[in-house]
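Subject: Structure handover

Hello,

Here is the structure I promised to pass on. Please open it beside this email and follow along.

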Amino acid sequence: MKRSFSLVDVLLVLAFFCHIQWAVKGSSHCKQNASGQLRPHSVTITEFGAVGDGVTLNTKAFQNAIFYLNSFADKGGAKLFVPAGRWLTGSFDLISHLTLWLDKDAVILGSKNSDDWPVVDPLPSYGRGRELPGGRHRSLIYGHNLTDVVITGDNGTIDGQGSVWWNWFRSKTLNYTRPHLVELMNSTGVVISNLTFLNSPFWTIHPVYCSRVIVQNVTILAPLDSPNTDGIDPDSSSDVCIEDCYISTGDDLIAIKSGWDEYGISFARPSTNIIIRRLIGHNRNGSGIAIGSEMSGGVSEVFAENLYFFDSSTAIIIKTARGRGGYVRNIYISNVTLAGVDTAIRFNSNFSQHPDEFYDPNALPVIERITVKDVTGDNIKVAGLLKGIEGDSFHHVCLLNITLGVTSEFPWNCSYIQGYSALVSPEICGPLKESIYPNHSSDCYHLSNLLWSPGNQNRGSWLLSS
């Protein structure tokens, strides 16, 4: 389907490309040294009896080493070095002012015995285990109430050996919700970098109730049919920076969350100021970047740029439902390249799974000020499935400079949304046909710095405000 663009449209794009050098506001938390500071004290896991044969269970060795290193927490912190080998372990706790460092040939293996993953209380913003009522298995690498914790190395590997958990899930023989591979809770100053994560039983990296989190230069892999193996899930967390990652899993590559229905509404801790840059990946059952569906505490100030998704189900999705409450606002996604993606942009308002019968069906989410800009794609089945909620339309959805090679006869399907567009091909759906420029840039998140100058209208001039 071809669409002709006006001279003003073309000049608008040139103004963006030639003049706007966008820097994410509040991105200073991305500039920290992702390897963390040097620690004055260091030990090797073998000093505590660990055996790297892939068979010996080393949970006690990890626990004892970290217990010993805790004595250096107020003396500049310490480093636990994991050398080459295959180090089988159950769940263990980290401490503040600790660097867990893996050699390039080191592999931490998660035990296949569920007894080695203790059951802990559900998160208060979820009210129960995400999969089953009651508690949940604790993550392989876990920490709570920590400050200054680094998980890094020379591209070593942390392998959850999740297949046994996936089989229990499929056969419906789980007693509790599956564990994550890494979960940091109520912590600040977290760095996870330069590692490969494999085969998580459930979500892979889960910072929850955290602030100042960097995830950088990591590879996350799980089979494309593995259930719910999300890559990185910031949850009720702020000042999160995710950069230079490759993710290929069975579900969302990145999913931003903030609690589930009435529990998330009551806990009221949003996810905010989240930056995602230079992400590459694919999946068959999830999305590249997801917001929700557990977003009841609110999600805002999300900036994502320089993304490449291929051979995937969905590129960008906002997931919600009646009963979620909360909000998703001030989202800016730009510079996206797609290849072989089923749906480029999706708003799905029918994620109707609820924690219990006590949720409020009248708690409607507020979805507003969503900007998606500079997207190209080939072999795309559907450009957009954008569906709000009857009686709760999504507002100020803005699509700019999007060109997709679409195979479907009906590239857009939109309902209960309101917004604006410019330079979109195939031709956008009715609710978004009104042009962003010259009158609606201020209604679009992060586009208000581009102002229309009536005095220069004949020259098609778009002026940047100072």
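A charge sits over a ring if NZ of Lys or CZ of Arg is within 6 Å of the ring centre and within 35 degrees of the ring normal. Keep in mind that this is a predicted model.

**Charges over rings**

Start with Arg130. Which ring does Arg130 lie over? Arg130 lies over the face of Trp260, and the distance to the ring centre is 4.0 Å. Now find Lys79. The charged end of Lys79 sits over the ring of Trp101, 4.6 Å from the centre of that ring.

**The cavities**

Arg130 turns up again here. How many cavities of 30 Å³ or more does the structure hold? There are three. The largest cavity has about 100 Å³ of space. Its lining is made of 14 residues. Nearest its centre lie Leu123, Arg130, Arg136, Thr177 and His180. The lining is mixed in class: five residues are nonpolar, five are polar and four are charged.

**Rings that pair**

The count of aromatic pairs comes to 11. One of them joins Trp117 and Trp165. Why is this pair called edge-to-face? The ring planes stand at 75°, and planes over 60 degrees apart count as edge-to-face. The ring centres are 5.5 Å apart.

This pair links distant parts of the chain. Trp117 is in the loop between strand 7 (106-110) and strand 8 (119-120). Trp165 is in helix 3, and 48 residues separate the two. Are these two residues buried or exposed? The cut-off for buried is under 20% relative accessible area. Trp117 has 1%, so Trp117 is buried. Trp165 has 0%, so Trp165 counts as buried too.

Phe202 and Trp203 form a stacked pair. Their centres are 5.0 Å apart, with 15° between the planes. Phe202 is buried, at 3% relative accessible area. Trp203 is buried as well, at 5%.

Ring pairs also build a cluster. Its members are Phe48, Tyr68 and Phe72.

**Helix 3**

Go back to the helix that holds Trp165. Helix 3 covers residues 163-170. Which of its residues are buried? They are Val164, Trp165 and Trp166. What do these buried residues pack against? They pack against strand 9 (136-137). After helix 3 comes Lys172. The phi of Lys172 is positive, near 60°.

Best wishes

Methods:
Residues are numbered from 1 along each chain as its sequence is written. This is a predicted model: local features need pLDDT of at least 70, side-chain atom pairs count only at pLDDT 80 or more; totals for chains, interfaces and linings use all residues. Side-chain values use heavy atoms; hydrogens and water are left out. Buried means under 20% relative accessible area, exposed over 50%, partly exposed in between (1.4 Å probe, protein chains only). Helices (H or I, at least four residues) and strands (E, at least two) are DSSP runs, numbered from the N terminus. Contact means heavy atoms within 4.5 Å. On a 1 Å grid over the protein atoms alone, a cavity is a set of points where a 1.4 Å probe fits but cannot get out, and a pocket is an open set with protein on both sides within 12 Å along at least five of seven lines; lining residues have an atom within 4 Å of a point. Grid points are joined across faces, edges and corners, and a volume is the space filled by probe spheres set on the points. Ala, Val, Leu, Ile, Met, Phe, Trp, Tyr, Cys and Pro count as nonpolar, Asp, Glu, Lys and Arg as charged, and the others, Gly among them, as polar. Rings of Phe, Tyr and Trp (its six-membered ring) pair if their centres lie within 6.5 Å; planes under 30 degrees apart count as stacked, over 60 as edge-to-face and the rest as tilted.
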